[in-house]
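Me: I should like to learn how to read the surface and the interior of a protein model. Could we work through one case together, feature by feature?

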Amino acid sequence: MNEQKNKFCYTYSAPTETERREIESIRKEYMVSEVREDKLERLRKLNARVKNISVSIAVSLGIFGSLLFGFGMSLSLVWENYVIGILVSAVGIIPIVLANPVYNAVLKRCKAKYGEEILRLSEELLNEHR
């Protein structure tokens with residue numbers, strides 16, 4: 001009896017595949033690489049914001065101009081109101097022509113606004129990768 005008290009009993013069971021996946025997912029939450037992924041995700045969002053803002057403004061301006069131009073054409077062709085129709089169409093051409101310069105101006109302004117942070121994040125990510 002005395003011999004049984006001094007023995008150490010140990011049983012081991014390996015985690016199942018689902019337990020292993022769960023353990024790895026929890027482990028990933030606490031790893032330092034998550035900071036890198038957060039920075040990369042932030043960099044992607046800022047880059048998308050710069051491009052999306054300028055594209056949406058330019059497209060909206062172009063659509064507005066096209067609708068105005070089409071309304072002027074309708075006035076001229078359907079209702080035979082030529083003078084007002086031509087004037088409205090001429091006014092509708094202005095936003096269509098200005099869409100590209102507005103796009104470039106807004107893109108430049110957004111790059112100036114978010115450029116510093118984008119450059120800082122990209123430098124950090126490039127230095128971490130080395």
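Reply: Let us begin with a single side chain, bearing in mind that this is a predicted model. Lys45 has a relative accessible area of 52% and is therefore exposed, since the cut-off for that class is over 50%. Lys45 is located in helix α3.

Me: Which residues join Lys45 in a positive surface patch?

Reply: A patch gathers residues with over 30% relative accessible area and no salt bridge, like charges being joined within 9 Å. Here Lys45, Arg49, Arg109 and Lys113 make up a positive patch on the surface. Helices α3 and α4 are the elements that contribute two or more residues to this positive patch.

Me: Is Lys39 buried or exposed?

Reply: A residue counts as buried under 20% relative accessible area. Lys39 has a value of 19%, so Lys39 is classed as buried. Lys39 belongs to helix α3, which spans residues 33-77.

Me: Which residues does Lys39 touch, leaving aside those up to four places away in sequence?

Reply: With those sequence neighbours set aside, the contacts of Lys39 are Leu121, Glu124, Leu125 and Glu128.

Me: Which residues form the nonpolar patch on the surface?

Reply: The patch consists of Phe69, Phe71, Met73, Leu77, Val78, Trp79, Ile93, Ile96 and Val97. Together these residues have about 880 Å² of accessible area. Both α3 and α4 (82-129) provide at least two residues of the nonpolar patch, and α3 gives the largest share, with 4 residues.

Me: Where does Val78 lie, and why does Val78 count as exposed?

Reply: Val78 is in the loop that runs between α3 and α4. Val78 counts as exposed because its relative accessibility is 59%, and the cut-off is over 50%.

Me: How many helices and strands does the chain have?

Reply: The chain contains 4 helices and 0 strands. In sequence order, the pattern reads α-α-α-α.

Me: What share of the contacts in the chain with a separation of 6 or more joins residues 24 or more positions apart?

Reply: Such pairs account for 71% of the contacts with that separation.

Me: What percentage of the residues of the chain count as buried, and how much area does the chain expose?

Reply: The chain has 130 residues, of which 19% count as buried. The exposed area is about 10,700 Å², and carbon and sulfur atoms supply 61% of that area.

Technical notes:
Residues are numbered from 1 along each chain as its sequence is written. This is a predicted model: local features need pLDDT of at least 70, side-chain atom pairs count only at pLDDT 80 or more; totals for chains, interfaces and linings use all residues. Side-chain values use heavy atoms; hydrogens and water are left out. Buried means under 20% relative accessible area, exposed over 50%, partly exposed in between (1.4 Å probe, protein chains only). Contact means heavy atoms within 4.5 Å. Patches are made of residues with over 30% relative accessible area and no salt bridge: like charges are joined within 9 Å, nonpolar side chains (Val, Leu, Ile, Met, Phe, Trp, Tyr) within 5 Å. Accessible areas come from the Shrake-Rupley method with a 1.4 Å probe; for residues, only the protein chains shown count as cover. A salt bridge is a side-chain nitrogen of Lys or Arg within 4 Å of a carboxyl oxygen of Asp or Glu. Lys and Arg count as positive and Asp and Glu as negative; His and the chain ends are not counted. The place of a charge is taken as NZ of Lys, CZ of Arg, CG of Asp or CD of Glu.
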